[in-house]
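Trainee: Got a minute? I'd like to go through this one and ask what justifies the labels.
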Amino acid sequence: MNIIAFTQSTFSIRSGGHDFNVNHSSVGQAGVLIDMINFNQTTLSTDKKTMTIGVGARWGDVYQALNGSGVSVNGARSPNPAVGGQTLGGGIGWFSNLVGVCAASVVALEVVLANSSIIRADNETNSGLLWALTGGGPNYGVVTSFTYKTLPIDNMWFESRLYTPDKNQLLLNALVTYNEMAINETKANIIYQLSEDTSSPQSFVGFLYLDPVERPSIFRPFYDIPQHSTRINSTIGNLAKLASFYYNPVYPQTPPSREYVVSMPHAINNATYQESYAAFSIYSKQAAAFGAAMNYGSQPITPSAVQASSQTPLNLTHVNQDWVHVTIEWNSPENDARSLELMQRMGESILSSAIRHGADLPYRFMNDAYNGQRVLPSYGAGNLEKMWSIAQAYDPKGVFQRLQNGGWLLSRA
Ligand SMILES: Cc1cc2nc3c(=O)[nH]c(=O)nc-3n(C[C@H](O)[C@H](O)[C@H](O)COP(=O)(O)OP(=O)(O)OC[C@H]3O[C@@H](n4cnc5c(N)ncnc54)[C@H](O)[C@@H]3O)c2cc1C
């Protein structure tokens, strides 16, 4: 970092490279890429209460390292992203309805500052920096490890089902009922995607229950909807077992696919879901006309998840909510502009429905947002100001603000 500051070089930091936005974790020939891939060690404490995890570890490797320990960590639901960027964005995990966003489980971290000093932050030392790095992005230093609290949870129940697009409306109705039922439920979690692709079934719902109980009644709004096939059969197993079905350590591929995303959280509200999905249906047909594929994703967040995240900078509203996100994937650079425009229009449609029905929320999820969205301001003026003062205290020359190539920077918020 001293050399970068002395030479005033443009730089980027990369842990897993899964950020959807160009230049957030990449830099051209004229800059320095700090690739954290080899900072991937995992150490479970002897009392098994915490695990220190190098930022370059993929979550799938972490779950494998925990296999047989009898404890779990609230990391990403997908095993593919790395711990670094995923945690810096707050993060949604399989245990979020129980213990909040992933970063809410971080009790300590190690970070390299702009002047090359290496410091630790925890609740006693540099506690403001710990707070800022539990969702406040890449503004303060290069994180080398996060220490996560573990959970005394091992075997759970999970299953994942695939559906043809003619079931999407039933799945949407079931989602609304499920969210109303699950408002006080901390053990249930779904992973949910709708697609209008008729060439092969792409809509799916994955169920996870934190006890080893097969097909618990909380998911009953979904059980009777005819599925096309199962993605994962009904299984009692731990995180390593679950991750083994999804883990693809070579992702992102070379050459990478072109992918974009919009984050549009809203309160649980039937009319907002129905109107948003109607808009998605129109836009995904427009996307399909030039060979692009769109997916609608639901990520329910209960009030207990909000409460358990209150020590992070995210400033979530205390209501039952869904961090809806829509993705688009395409191949040819000539379709870049229209793909981005479709995503922006999609986001605007969800927002205007939410506003119409009093369901709009200020929060935008960093891990699912496109770089035109105002993520850090969505944390509230007070938290934005606090994050600025912490960044200035630890990086008085503004190296991370001025020289970083991209990312969710306070200077660009
Ligand atoms: C297939 C897929 C599945 C996903 N599943 C989930 C999920 O289940 N839950 C969830 O919350 N999110 C999920 N995401 C979103 C993902 O968390 C974000 O894309 C996140 O940014 C990825 O982290 P990374 O380290 O892989 O990314 P990177 O692209 O390496 O980093 C993201 C940002 O963080 C900065 N950064 C990275 N490491 C450091 C560091 N050590 N110090 C300082 N700054 C750093 C980078 O400069 C960049 O700005 C998923 C994304 C994909 C593509």
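Mentor: Sure. Bear in mind that this is a predicted model. Start at the ligand: 30 residues surround it, and the closest are Ser15, Gly16, Asp19, Gly84 and Gly85.

Trainee: What makes a residue count as near the ligand?

Mentor: Its C-beta atom, placed from the backbone, has to lie within 6 Å of the ligand. So 30 residues pass that test.

Trainee: Which elements supply at least two residues of that shell?

Mentor: Strand E1 (11-14), helix H3 (83-88) and E7 each do. H3 gives the largest share, four residues.

Trainee: E7 sits in a sheet, right? How do you know that E5 and E7 pair?

Mentor: Pairing takes at least two bridges found by DSSP. Six bridges join strand E5 (residues 106-112) to strand E7 (residues 142-149), so they pair, and they run antiparallel. One example is Val112, whose bridge partner in E7 is Val142.

Trainee: And what is the strand order of the open sheet?

Mentor: E3-E4-E7-E5-E6, five strands with antiparallel pairing. Strand E3 (42-44) and strand E6 (118-122) are called edge strands because each pairs on one side only.

Trainee: Which residues touch the most other members of the largest nonpolar core?

Mentor: Leu133 and Tyr140, out of 110 residues. Domain 1 (2-152) and domain 2 (156-368) both contribute residues, so this core lies between them.

Trainee: What does Leu133 touch, leaving out residues up to four places away in sequence?

Mentor: Leu88, Leu109, Ala121, Tyr140 and Val143. Contact here requires C-beta atoms within 7 Å, so each of those five meets that cut-off with Leu133.

Key. Residues numbered from 1 in each chain as written. Predicted model: local features only at pLDDT ≥ 70, side-chain atom pairs only at ≥ 80, totals over all residues. Core = buried A, V, L, I, M, F, W, Y, C linked by C-beta atoms within 7 Å. Buried ≥ 20, exposed ≤ 12 C-beta atoms within 10 Å, placed from the backbone. Domains from an automatic or database assignment. Contact = placed C-beta atoms within 7 Å.
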